[in-house]
Amino acid sequence: MILTLLDTQTGETVDVDSPYDAYWWAEGNGSCDCNRIDEFPAAEDELEAAQRQAHPELQEWQGLCYGCTRLLIIAAESDEYTLDEFNEDYPQALKAQWLREIDGDSPA
Ligand SMILES: [Zn+2]
């Protein structure tokens, strides 16, 4: 699937030609920042370092979910999901700020 990700903290966008389908991005492993961050290597290093500092109990192979706080899908070629649905668990205010003028669909 072809999509565009936005890092709402830096304003950086990345176009992704993903081997994963719309379901993966909307409801699967791609629905939170954990896997979306793979497209932003610099930010990924930052997030991981911050998590390791905040949670010294984590072993090297362990990690916590980064949650749905930062990385929005702002464009996607899909008939199955709206942008609001691709970003379902992200804060309403974040989506309102960034998707308002992009997505023609009315918010859920
Ligand atoms: Zn996660």
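In this predicted model, strand 1 (residues 2-7) and strand 2 (residues 13-17) pair in the antiparallel sense, joined over five bridges. Within that pairing Leu5 stands opposite Val14 in strand 2, and in the hairpin that the two strands form, with five residues between them, Gly11 takes a positive phi near 80 degrees.

Strand 1 also has a connection to strand 3, to which it runs antiparallel and is joined by five bridges; here Leu3 stands opposite Ala76 in strand 3. The result is an open sheet of three strands in the order 2-1-3, with antiparallel pairing. Strand 2 and strand 3 stand at the edges of this sheet, and because each has a single partner strand, one side of each is left without a neighbour in the sheet. Neighbouring strands are turned by 30 degrees against each other on average, direction ignored. Helix 5 (residues 92-99) packs on the sheet, where it touches strand 1 and strand 3, and its direction makes about 40 degrees with that of strand 3.

Helix 3 (residues 41-54) has 14 residues and reaches 20 Å from its first C-alpha to its last, close to the 20 Å expected at 1.5 Å a residue. The number of its 14 residues that are buried is zero, so helix 3 lies largely in the open.

The loop between helix 3 and strand 3 (71-76) contains Tyr66, which is partly exposed, with 19 other C-beta atoms within 10 Å. Leaving aside residues up to four places away in sequence, Tyr66 touches Cys32, Asp33, Cys34, Ile37 and Leu47. Between Tyr66 and Ala93, which are 27 residues apart in sequence, the C-alpha to C-alpha distance is 18 Å.

Technical notes:
Residues are numbered from 1 along each chain as its sequence is written. This is a predicted model: local features need pLDDT of at least 70, side-chain atom pairs count only at pLDDT 80 or more; totals for chains, interfaces and linings use all residues. Two strands pair if DSSP finds at least two bridges between them. Helices (H or I, at least four residues) and strands (E, at least two) are DSSP runs, numbered from the N terminus. The expected span of a helix is 1.5 Å times one less than its number of residues. A residue is buried if 20 or more other C-beta atoms lie within 10 Å of its own, exposed if 12 or fewer, and partly exposed in between; C-beta atoms are placed from the backbone. Two residues are in contact if their C-beta atoms, placed from the backbone, lie within 7 Å. Axes are lines fitted to C-alpha atoms, for helices over the stretch in contact, and angles run from 0 to 180 degrees between N-to-C directions.
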